[in-house]
Amino acid sequence: MPILFRAAASAALVFALILDPAPSSAQNRQPNQAGQFDFYVLALSWSPSFCAAAEERTPQRAPVEQCEDRPFSFVVHGLWPQYEKGFPQYCQKPAPPLDGAVVSIVLDLMPSKQLVLHEWERHGTCSGLAPRAYFDELRQARTAIKIPVQYRAPASTREVAPSEIEDAFIAANPGLTPGAVSVTCDHKRMREVRICLSKDLRFRDCAELERQACRRSKLIMPAVRGGGTR
């Protein structure tokens, strides 16, 4: 092949690659594929808000498991694998069964067997981890987060601003940035604090979660039931 022709062909190939680059791994990734995600969200639910909302919806029903006058404050709603936009769910159908021993060891963090089973089926199966390894990861993530002193077990209902809660968590957790923590709410109550973590459980920013944060100026934060702390 003449040298000039080879050079032209090479230039054409480079130009084509610029115009049509190879798809990224994220573009190639199949949705809801176990182990294929970008980061975690640790969702910490304010149990008194959950219980107050449950009582308003169905006041005549017996209280759900975590609301039977037990002194829960922040509990783990879940450790959720996330994409940069969106999230995988139900990555294994049927989900690998949970051994009763695995469920029992996490009930101090997630105070409902039903919640543990649901979170495993919807989110845990997307981690690519075996059940025990996933819940060990969840415990490690929760243990790494320090709850601000003023929110460990408030004995009276208070009115708070979402930014006030975020600032308190940032102050209590060195390395946590405003872009890595957000507060969610319903129409009047603080519901959750959500913290974004890398796959190795380091703080990391997550723009999409921040966009979903509560925009209300003030929220009700019900008191912890029965005293004590969790």
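A residue is called buried when its relative accessible area is under 20%, exposed when that area is over 50%, and partly exposed in between. This tour applies those terms to a predicted model.

**The loop after E5.** Select Leu201, in the loop between strand E5 and helix H8 (207-211). Its relative accessibility is 15%, so Leu201 counts as buried. Display the backbone as well: Leu201 has a positive phi of about 65°, although it is not a glycine. Most residues other than glycine have a negative phi.

**The sheet.** Next, show the strands as a cartoon. An open sheet is formed by 4 strands, in the order E2-E1-E5-E4, with antiparallel pairing. Strand E2 (74-82) and strand E4 (181-185) are the edge strands, each pairing on one side only. From one strand to the next, the twist averages 25°. In general, the strands of a sheet pair through backbone hydrogen bonds.

Focus on E4 and strand E5 (residues 190-197), which run antiparallel and are joined by 5 bridges. Select Thr184 to see one pairing: its bridge partner in E5 is Glu192. Then add helix H7 (residues 162-172), which lies across strand E1 (39-46), E2, E4 and E5. The helix runs at about 145° to E4.

**Ser45 in E1.** Select Ser45, a residue of strand E1. With 11% relative accessibility, Ser45 counts as buried. Which residue is 30 places from Ser45 in sequence and 5.3 Å from it in space, C-alpha to C-alpha? That residue is Val75. Beyond its neighbours within four places in sequence, Ser45 is in contact with Phe50, Ser73, Phe74, Val75, His77, Arg191 and Glu192.

**Helix H6 and the core.** Move to helix H6 (residues 131-143). Its 13 residues reach 18 Å from the first C-alpha to the last, close to the 18 Å expected at 1.5 Å a residue. Colour Pro131, Tyr134, Phe135, Glu137, Leu138, Ala141 and Arg142, which are buried in H6. Seen down the helix axis, the buried residues fall within an arc of 150°, so they line one face of H6. An α-helix has 3.6 residues a turn, so residues three or four places apart point the same way. Among the elements covering the buried residues of H6 are E1, E2, helix H4 (100-106), helix H5 (113-122) and E5.

Now select Phe74, Met110, Phe135, Leu138 and Phe169: these have the most contacts inside the largest nonpolar core, which has 42 residues. Leu138 touches Val76, Leu79, Val106, Leu109 and Met110, not counting residues up to four places away in sequence. A second, separate core of 7 residues includes Phe39, Ala43, Trp80 and Leu209. In soluble globular proteins, nonpolar side chains tend to be buried together.

**Two loops in contact.** Select Thr125, in the loop between H5 and H6. Is Thr125 buried or exposed? At 0% relative accessibility, Thr125 counts as buried. Its contacts, leaving aside neighbours within four places in sequence, are Ala34, Tyr90, Cys91, Gln92, Ala95, Pro96 and Trp120.

From that list, choose Tyr90, found in the loop between E2 and H4. Tyr90 has a positive phi of about 50° although it is not a glycine. Its relative accessibility is 33%, so Tyr90 counts as partly exposed.

The final stop is Pro94, also placed in the loop between E2 and H4. A cis peptide bond joins Lys93 and Pro94, with omega at about -5°. Most peptide bonds are trans.

Note on methods: Residues numbered from 1 in each chain as written. Predicted model: local features only at pLDDT ≥ 70, side-chain atom pairs only at ≥ 80, totals over all residues. Heavy atoms only, no water. Pairing = 2+ DSSP bridges. Helix = DSSP H or I, 4+ residues; strand = E, 2+ residues; numbered from the N terminus. Axes fitted to C-alpha atoms, helices over the stretch in contact; angles between N-to-C directions. Contact = heavy atoms within 4.5 Å. Core = buried A, V, L, I, M, F, W, Y, C linked by side-chain atoms within 4.5 Å. Buried < 20%, exposed > 50% of the residue type's maximum accessible area, 1.4 Å probe, protein only. Expected span 1.5 Å × (residues − 1). Arc of directions from axis to C-beta.
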